[in-house]
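Thanks for making the time. I'll put the model up and go through it one piece at a time.

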Amino acid sequence: MEFTSSLAILNSQTPFLLEKRIKLLKEIAIVGSISKAAKNVPMSYKTAWEAIDTINNLCPEKVVTKETGGVGGGGAKLTPYGKNLIETYEKVQYEHEKFLKTLSNLTDFNTGSLKSLRRINMQLSTRNQIQGVVELINKGGVNSEVFIKLKSGYTLVAIITNSAVDSLDLQIEDEVTSLFKSSSVLVTTDCSLTISARNKLQGKITNITDGEVNSEVSIDIGNGDIVAAIITSDSVKSLGLKVFDEVSAVIKASDVMIGK
């Protein structure tokens, strides 16, 4: 047994994005006609028109532009905002389905009890939590190398056990979160330095929080991905680190954990 639920998005307490309406929008993008899209969903032509009017009225920008007239009911197409709306809905729907799958796995349907609901809302102290997509998994005898493509364009390598790969059911193109402690991040100003550590992510320092013993250095590696490093305050001074400096964040593959 498992939990299942449809996803609806409300605006001013009014449901306006439902799975069937998203399917209608996707069909309009393909066929360029409300009447043809309505048949493919399927739903009545009147219902389709009313759905489009509701969506357009409740959104800050037009989702569908339409032309009346003709036997086929006129043409229609999605606006750039409408295409983005579908993409956003599908991302939320993916997370929604993942949550229900997790909830199903944590529920004992024979007794009606949850094994550990707190696991779903668990907060982690790990400073660095960066999302990416699995692009390669190399399995060895005991451990596996997992290559994660980050939004910044860099590929982060994590070494985890084969049993962890199996328990997470890791697959190519899975969306995952890479986690590593800020104390595990080394910082170097020599961006051409050749080292044995698998991960060397180049970026610019955006902030330095000084402390008596240790300091936190925030490094923007691109496209919103920020790596935090905790290094000694003496190291900050000896390296002459300043905001906007180009540096490399170095992380061992064995220090990277994966969450899904």
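Start at the hairpin: β12 and β13 are joined by it through 4 residues. This is a predicted model, so please keep that in mind throughout. Strand β12 covers residues 199-209 and strand β13 covers residues 214-222, and the two run antiparallel, with 5 bridges between them. Two residue pairs help to locate the register. Thr 209 is opposite Glu 216 of β13, and Ile 205 has Ile 219 in β13 as its bridge partner.

β12 also pairs with strand β15, residues 246-251, in the antiparallel sense, here over 6 bridges. If you want a residue to look at, take Lys 204, which stands opposite Glu 246 in β15.

Now the sheet that these strands belong to. What is the order of its strands? Reading across, it goes β11-β15-β12-β13-β14, an open sheet of 5 strands with antiparallel pairing. At the edges are β11, residues 186-188, and β14, residues 225-232, each of which pairs on one side only. From one strand to the next, the twist averages 45°.

As a general reminder, strands of a sheet pair through backbone hydrogen bonds, in either a parallel or an antiparallel way. Side chains in a regular strand alternate between the two faces of the sheet.

On to the other sheet I want to show. This one is also open and made of 5 strands, in the order β9-β8-β7-β10-β16, and its pairing is antiparallel. Its edge strands are β9, at 155-161, and β16, and each of those pairs on one side only. Neighbouring strands in this sheet are turned against each other by 45° on average, with direction ignored.

Let me walk across part of it. Strand β8, residues 143-150, is joined to β7 by 7 bridges, and the two run antiparallel. Within that pairing, Val 134 has Ile 148 in β8 as its bridge partner. β7 itself spans residues 128-139, and it pairs with β10 in the antiparallel sense over 6 bridges. There, Ile 130 is matched with Ser 178 in β10.

Next to consider is β10, residues 175-180. How many of its residues are buried? The count is 5 of 6, so the strand is mostly covered. Besides β7, β10 has β16 as an antiparallel partner: 3 bridges join it to that strand, which is residues 257-259. Thr 177 stands opposite Gly 259 in β16.

One loop residue before I finish with the totals. Ser 33 sits in the loop between α1, residues 19-31, and α2, residues 34-40. Is Ser 33 buried or exposed? Buried, because its relative accessibility is 5%, and the cut-off for that label is under 20%. The side chain of Ser 33 also makes a polar contact with the side chain of Ser 35, at 3.0 Å.

Finally, the whole protein. The model has 6 helices and 16 strands. There are 260 residues, and 38% of them count as buried. The accessible surface comes to about 15200 Å², with 51% of that belonging to carbon and sulfur atoms. Among contacts with a separation of 6 or more, 56% are between residues 24 or more positions apart.

That is what I have; we can turn the model to any of these places now.

Note on methods: Residues numbered from 1 in each chain as written. Predicted model: local features only at pLDDT ≥ 70, side-chain atom pairs only at ≥ 80, totals over all residues. Heavy atoms only, no water. Buried < 20%, exposed > 50% of the residue type's maximum accessible area, 1.4 Å probe, protein only. Pairing = 2+ DSSP bridges. Polar contact = N/O pair within 3.5 Å; in protein donor to acceptor, adjacent residues only side chain to side chain. Axes fitted to C-alpha atoms, helices over the stretch in contact; angles between N-to-C directions. Contact = heavy atoms within 4.5 Å. Areas by Shrake-Rupley, 256 points an atom, 1.4 Å probe, with all protein chains shown as cover.
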